[in-house]
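This briefing is meant for someone meeting the structure for the first time. Please look over the sequence and the model below before reading on.

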Amino acid sequence: MILLAIFGGLMLLLSIFYLLNSWQRYGQWKWATFLVLLSAILTGVGTWGALTGHHRASSSPTTSRQATAQTATSSLAVGNQAMKTAGADQSSKENALLGQLQKAYGKLGTVGFDQASKTYQIKPAAGDEQKALQAVLDDPSQAEQIGWPKLTKSLQQTSAQLKKILGAGYSLSLMAPNSDQAMYTVKDGQETFTAVK
């Protein structure tokens, strides 16, 4: 759309000069006026499309996953300070972090905690998020387009925050859609498993 706006703008300038020239030399203005109007419409449509396309891109599912992960990391940092001052025991910290992760990753899916394995599990909700993750599993070449690298980086940052708050040994797993198997796991800020290669 940006190219359409640029092309329309150039065409508008040229058609204005053409209109002035046609009017002065030949006394004709209809065709030149039509070109001016057409180029003005092209410029407007191109500009509008570029602006709304940018807005749509910023609110796509990929971006919402990234925003969710960034929110999770920042809310964990806030929670870290609160727990240090409260002097909470380990079980209370685990439960408090579970609540924070559920709020932070609510748009991506549900979050649970398996105490035996010390793993927080994010299960994707049905809908666009689940379809996008399934597409990455089915065709890993789409990972970049869907935003997989940014999502995994955010999960690593969140895992590093978990280590700061709870200590070493806690994992964060993104579960595969409609499965009890992990598709991505990080422990203490480091990737330990990925199904997307």
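From the N terminus on, the elements of this protein follow the order α-α-α-α-β-β-α-α-α-β-β-β, and the model that shows them is a predicted one. The protein has seven helices and five strands, and buried residues account for 37% of its 197 residues. Among contacts between residues at least 6 apart in sequence, 57% join residues at least 24 apart.

**The sheet**

- The five strands make up an open sheet in the order β1-β2-β3-β4-β5, and their pairing is mixed.
- The edges of the sheet are taken by β1 (109-114) and β5 (190-194), each of which has a single partner strand, so one side of each is left without a neighbour in the sheet.
- On average, and with direction ignored, neighbouring strands of this sheet are turned by 20° against each other.
- Strands of a sheet pair through backbone hydrogen bonds, in either a parallel or an antiparallel manner.
- At one edge, β1 runs antiparallel to β2 (residues 119-124), and six bridges join these two strands; within this pairing, G109 stands opposite P124 in β2.
- At the other edge, β4 and β5 pair in the antiparallel sense over four bridges, with K187 placed opposite Q190 in β5.
- The hairpin of β4 and β5 has two residues between the strands, and in this hairpin D188 takes a positive phi near 55°.

**Helix α4**

- Helix α4 (residues 90-104) lies across β1 and β2, and its direction is at about 165° to that of β1.
- At 1.5 Å a residue, the 15 residues of α4 should span 21 Å, counting one less than the number of residues, and the C-alpha atoms at its ends are indeed 21 Å apart, which agrees.
- The buried residues of α4 include K93 and E94 as well as L97, L98, L101 and A104.
- Seen down the axis of α4, its buried residues fall within an arc of 140°, so they line one face of the helix.
- On the other side of α4, by contrast, N95 and K103 are exposed.

**Aromatic pairs**

- A pair of aromatic rings is described by how far apart the centres are and by the angle of the planes.
- The count of aromatic pairs comes to four, one of them being F113 with Y170, whose ring centres are 6.4 Å apart and whose planes meet at 20°, so this pair is stacked, the cut-off for that being under 30 degrees.
- F113 belongs to strand β1, while Y170 is in the loop between α7 (148-166) and β3 (171-175), so the pair ties together parts that are 57 residues apart in sequence.
- Which of the two residues is buried and which is partly exposed? With a relative accessible area of 2%, Y170 is buried, whereas F113, at 22% relative accessibility, counts as partly exposed, because buried would require a value under 20%.
- Another aromatic pair, formed by W148 and Y184, is edge-to-face, with 5.7 Å from centre to centre and 85° between the planes.
- This second pair links distant parts of the chain, since W148 is in helix α7 and Y184 in strand β4 (residues 182-187), 36 residues apart; both W148 and Y184 are buried.
- F113 and Y170 also belong with Y120 to one aromatic cluster.

**Two buried helix residues**

- Q130 is found in helix α5 (residues 128-138), and at 15% relative accessibility it counts as buried.
- What does Q130 contact, leaving aside its neighbours within four places in sequence? Q130 is in contact with P124, A125, P177 and N178, and P124 is the residue that stands opposite G109 in the pairing of β1 with β2.
- I165 has its place in helix α7, and its relative accessibility of 6% means that I165 counts as buried.
- Although I165 and Q90 are 75 residues apart in sequence, their C-alpha atoms are 9.5 Å apart in space.

Terms used:
Residues numbered from 1 in each chain as written. Predicted model: local features only at pLDDT ≥ 70, side-chain atom pairs only at ≥ 80, totals over all residues. Heavy atoms only, no water. Pairing = 2+ DSSP bridges. Axes fitted to C-alpha atoms, helices over the stretch in contact; angles between N-to-C directions. Contact = heavy atoms within 4.5 Å. Buried < 20%, exposed > 50% of the residue type's maximum accessible area, 1.4 Å probe, protein only. Phe/Tyr/Trp six-rings, centres within 6.5 Å; stacked < 30°, edge-to-face > 60°. Arc of directions from axis to C-beta.
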